[in-house]
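Here is a short briefing on one protein chain. Look over the sequence and the structure first, then read on.

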Amino acid sequence: MKNSSRRGFMGKAFGAVAGVGAVGALYAMKKTWDPLPSVKAAGFTTLDMSAYKENELVVEKWRGKPIFILKQDASMVETADKNPKDKSRLIKVGEAYYLVCIGLCTHLGCIPGYNPDEKEFLCACHGGKYDATAAVTKAPPPRGLDIPPFKITGNKLVLGEEGPEYKKMKETGITL
Ligand code: FES
């Protein structure tokens, strides 16, 4: 083997070994970042709500389901104030109000879209509509979007854990 082709071969071999090493290192890092199996199995997801903006829908994922989070602006809170039942669907974190719900239509399970101009959710499957608190404004959905179990800790929202606020909602029958 000539010197230059030997160098080429060595370079390729080294590159391959380095590549395998890098993949191994990435895998090890990913394992470190991944939540512990027990945390995953418990199904908790913790969200920091401080970065969310008013009237901007955030879609998170929890237990394979889309979760809608909508920070309410002043006009939404004002509208909800006129209907205490709707207002009771909102979660207060600090001074702000949020809608936190499962983003699956309660009719047949399509994922509704949010229209920030109209401040409402529209389900394109059969034309169902929900207001900004996810209460039904147009059939066929039989009820508002479901509210997942949650707990508030400071500015954090823990999905999958039943805090006092959720239990109160559950007692009044607005979570389902
Ligand atoms: S699935 Fe949403 S209106 Fe039918």
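In which helix is the place of Tyr166? Tyr166 sits in helix α5. Keep in mind that this is a predicted model. The points below start at Tyr166 and then move to other parts of the chain.

**Tyr166 and its surroundings**
- Tyr166 has 20 C-beta neighbours inside 10 Å, so it counts as buried.
- Its contacts are Pro149, Phe150 and Lys151, leaving out residues up to four places away in sequence.
- Phe150 is 16 residues from Tyr166 along the chain, yet their C-alpha atoms are separated by 6.0 Å.

**The hairpin of β10 and β11**
- Phe150 also belongs to β10, on the covered face together with Ile152.
- Lys151 and Thr153 make up the uncovered face of β10.
- In a regular strand, side chains alternate between the two faces of the sheet.
- Four bridges pair β10 with β11, in the antiparallel sense.
- One partner to look for is Leu157 in β11, the bridge partner of Ile152.
- Two residues lie between the strands of this hairpin.
- Gly154, in the hairpin, takes a positive phi near 60°.

**The largest nonpolar core**
- In soluble globular proteins, nonpolar side chains tend to be buried together.
- Here the largest nonpolar core has 31 residues.
- Tyr98, Leu99, Val100, Cys101 and Ala134 have the most contacts inside this core.
- Several elements give two or more residues to the core, among them β3 (65-71), α3 (74-81), β10 (150-153), β11 (156-159) and α5 (164-171).
- β5 gives the largest share of the core, six residues.
- Tyr98 touches residues including Met49, Ile69, Leu70, Leu90, Ile91 and Val93, not counting those up to four places away in sequence.

**The four-stranded sheet**
- What is the order of the strands in the open sheet of four strands? The order is β6-β7-β8-β9, and the pairing is antiparallel.
- The edge strands are β6 (113-115) and β9 (136-138), and each pairs on one side only.
- Strands of a sheet pair through backbone hydrogen bonds, either parallel or antiparallel.
- β7 (residues 120-122) and β8 (residues 129-130) are joined by two bridges.
- Leu122 stands opposite Lys129, which is in β8.

**Backbone details in the loops**
- The loop between β6 and β7 holds Lys119.
- The phi of Lys119 is near 55°, a positive value in a residue other than glycine.
- Is Lys119 buried or partly exposed? Lys119 is partly exposed, because 16 other C-beta atoms lie within 10 Å, short of the 20 needed for a buried residue.
- Asn55 lies in another loop, between β1 (45-48) and β2 (57-62).
- Asn55 also has a positive phi, near 60°, and is not glycine.
- With 15 other C-beta atoms within 10 Å, Asn55 is partly exposed.
- Pro140 lies in the loop between β9 and β10.
- The peptide bond from Ala139 to Pro140 is cis, with omega near 20°.

**How far to trust the model**
- The mean pLDDT of the protein chain is 83.
- In this chain, 76% of the residues reach 70 or more.
- Over residues 26-41, the pLDDT is below 50.
- Beyond near neighbours in sequence, the stretch 26-41 has two contacts in the model.
- Where pLDDT is low, the predicted coordinates should not be read in detail.

Methods: Residues numbered from 1 in each chain as written. Predicted model: local features only at pLDDT ≥ 70, side-chain atom pairs only at ≥ 80, totals over all residues. Core = buried A, V, L, I, M, F, W, Y, C linked by C-beta atoms within 7 Å. Buried ≥ 20, exposed ≤ 12 C-beta atoms within 10 Å, placed from the backbone. Contact = placed C-beta atoms within 7 Å. Pairing = 2+ DSSP bridges. pLDDT = per-residue confidence, 0-100.
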